[in-house]
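Biologist: I am new to this model and would like a close look at a single part of it. Please take the ligand site, then lead me outward from there.

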Amino acid sequence: MFMLIEIDAERCIGCGRCVADCVGSNLLVEDGTARVKGRCILCGHCVAVCPTAAVSIPGYDMADVEPSAPAGETIDAADLLRAIKSRRSVRSFKPEPVGRQELEFVLQAGRYTATAKNAQGCRFVVVQDGLAELKRLVWDGIEELLALPADEKPRWVKLYKPFLRDACAGRQDFLFRNAPAVVYVAAERADDAGLAAQNIELMAAAQGLGVLFNGYLCRASEELPAVRAFLGADERPLQMCLLLGCPAVSYPRTAPRMPGDFVVK
Ligand SMILES: Cc1cc2nc3c(=O)[nH]c(=O)nc-3n(C[C@H](O)[C@H](O)[C@H](O)COP(=O)(O)O)c2cc1C
């Protein structure tokens with residue numbers, strides 16, 4: 001998508017802050033006004049850093065831009081560390097669905113996460129109303145593969161035999177648990193998807209929700225064409241999968257960890 005950066009010459013004071021902050025050296029100040037040299041990754045730093053709001057990228061929704069939270073004043077560091085320590089993988093959920101407002105915040109947290117080269121190439125797929133259909137496609141797909149002769153059976157699917165058995169018996173299953181919603185992140189790059197998923201988890205926690213990063217469900221969904229089609233997946237791989245809902249377990253204390261493997265020079 002080709003987009004332009006626009007400088008409002010009436011507002012620009014020629015301070016050069018956008019020039020200094022541009023990662024691609026794509027701006028200069030000429031005759032007291034900032035000018036754009038050419039194409040760039042459209043990271044929006046020029047919009048964000050301008051003291052007079054003279055820069056815009058009309059291809060984006062500029063109404064979405066708001067005053068930033070003052071640096072160092074967004075979240076108290078000790079509170080944030082406590083929240084990170086208190087976050088737990090959730091493997092048991094209450095039946096109530098995730099509300100629209102909570103989902104919106106969760107998705108926006110993923111959307112605003114940094115991406116390499118500002119690709120903004122993550123697709124976020126939420127399955128809540130369609131969960132029964134997703135489950136059917138996943139279990140049917142797994143069952144079909146498990147029924148293949150040994151030499152045709154993909155190696156990965158063998159691990160899923162006990163999961164299918166539990167699901168068929170109506171027991172708590174290892175893939176979906178009893179979560180009311182599933183969120184997938186599809187992206188070319190695993191790091192882009194992983195970072196977005198982490199912000200999603202933190203946003204979920206901030207709203208009293210919880211997630212389980214689910215590597216097994218992610219793998220099965222990626223391997224089964226009918227599931228990929230149901231999820232509206234294109235050529236981008238499903239990199240992350242999160243069960244999402246209101247935790248049915250509470251943890252009165254944090255979990256211990258190994259000493260940090262830190263190198264500080
Ligand atoms: C990428 C990733 C995939 C995971 N996949 C699964 C999974 O398939 N099933 C599961 O029960 N837990 C899964 N987990 C959760 C980890 O087991 C869990 O994070 C770890 O045991 C530490 O527990 P905590 O998250 O409560 O601190 C996964 C975690 C990550 C980061």
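By class, how many nonpolar, polar and charged residues does the shell around the ligand have?

Modeller: One caution before the answer: this is a predicted model. The shell around the ligand has five charged residues, four nonpolar ones and three polar ones.

Here are the names. R87, R88, S89 and R91 surround the ligand, together with F174, R177, L212, F213, N214, G215, Y216 and R257. Two elements each supply at least two residues of this shell: β7, spanning 210-213, and α9.

Now the polar contacts. Start with R87. An N or O atom in its side chain is 2.9 Å from an oxygen atom of the ligand. R91 also faces a ligand oxygen. Here a polar side-chain atom of R91 lies at 2.7 Å from that kind of atom. F213 uses its backbone instead. A backbone N or O atom of F213 is placed 2.9 Å from a nitrogen atom of the ligand. How much of the ligand is covered? On its own, the ligand has 620 Å² of accessible area, and the protein covers 62% of that.

One shell residue deserves a second look: R177. R177 is part of the ligand's surroundings. R177 sits in the loop between α7 and β6. Its phi is near 50°, a positive value in a residue that is not glycine. Is R177 buried or exposed? R177 counts as buried because its relative accessible area is 13%, and the cut-off for buried is under 20%.

Step outward to the nonpolar packing. In soluble globular proteins, nonpolar side chains tend to be buried together. The largest nonpolar core here has 33 residues. L134, I142, L175, F176, V182, Y184 and L217 have the most contacts inside this core. Several elements each supply at least two of its residues: β5 (123-127), α5 (131-146), α6 (155-158), α7 (161-168), β6 (181-186), α9 (215-223) and β8 (238-245). The most comes from α5, which gives eight residues. So α9 appears twice, in the ligand shell and in this core.

Take I142 as a sample of the packing. Leaving out residues up to four places away in sequence, I142 touches V157, Y160, L164, L175, A220 and L224. Apart from this core lies another, of 18 residues. A181, A187, I200 and L242 are among its members.

Finally, some loops. N26 lies between α1 (17-21) and β2 (27-30). N26 is buried, at 5% relative accessible area. Its side chain reaches the backbone nitrogen of G38 at 2.8 Å. Beyond four places in sequence, N26 touches I5, R35, V36, K37, G38, R39 and C40.

T115 is in the loop between α4 (100-111) and β5. T115 is buried, with 15% relative accessible area. The T115 side chain reaches two backbone nitrogens: that of A119 at 3.1 Å, and that of Q120 at 2.9 Å. Contacts of T115 further than four places away in sequence are Q120, G121 and D192.

L42 belongs to the loop between β3 (33-36) and α2 (45-49). L42 is not a glycine, yet its phi is positive, about 55°. L42 counts as buried, at 10% relative accessibility.

Methods
Residues are numbered from 1 along each chain as its sequence is written. This is a predicted model: local features need pLDDT of at least 70, side-chain atom pairs count only at pLDDT 80 or more; totals for chains, interfaces and linings use all residues. Side-chain values use heavy atoms; hydrogens and water are left out. A nonpolar core is a set of buried Ala, Val, Leu, Ile, Met, Phe, Trp, Tyr and Cys residues joined through side-chain atoms within 4.5 Å. Buried means under 20% relative accessible area, exposed over 50%, partly exposed in between (1.4 Å probe, protein chains only). Helices (H or I, at least four residues) and strands (E, at least two) are DSSP runs, numbered from the N terminus. Contact means heavy atoms within 4.5 Å. A residue is near a molecule or strand if one of its heavy atoms lies within 4 Å of it. A polar contact is a pair of N or O atoms within 3.5 Å; within protein, one must be able to donate a hydrogen and the other to accept it, and residues adjacent in sequence count only if both atoms are side-chain atoms. Accessible areas come from the Shrake-Rupley method with a 1.4 Å probe; for residues, only the protein chains shown count as cover. Ala, Val, Leu, Ile, Met, Phe, Trp, Tyr, Cys and Pro count as nonpolar, Asp, Glu, Lys and Arg as charged, and the others, Gly among them, as polar.
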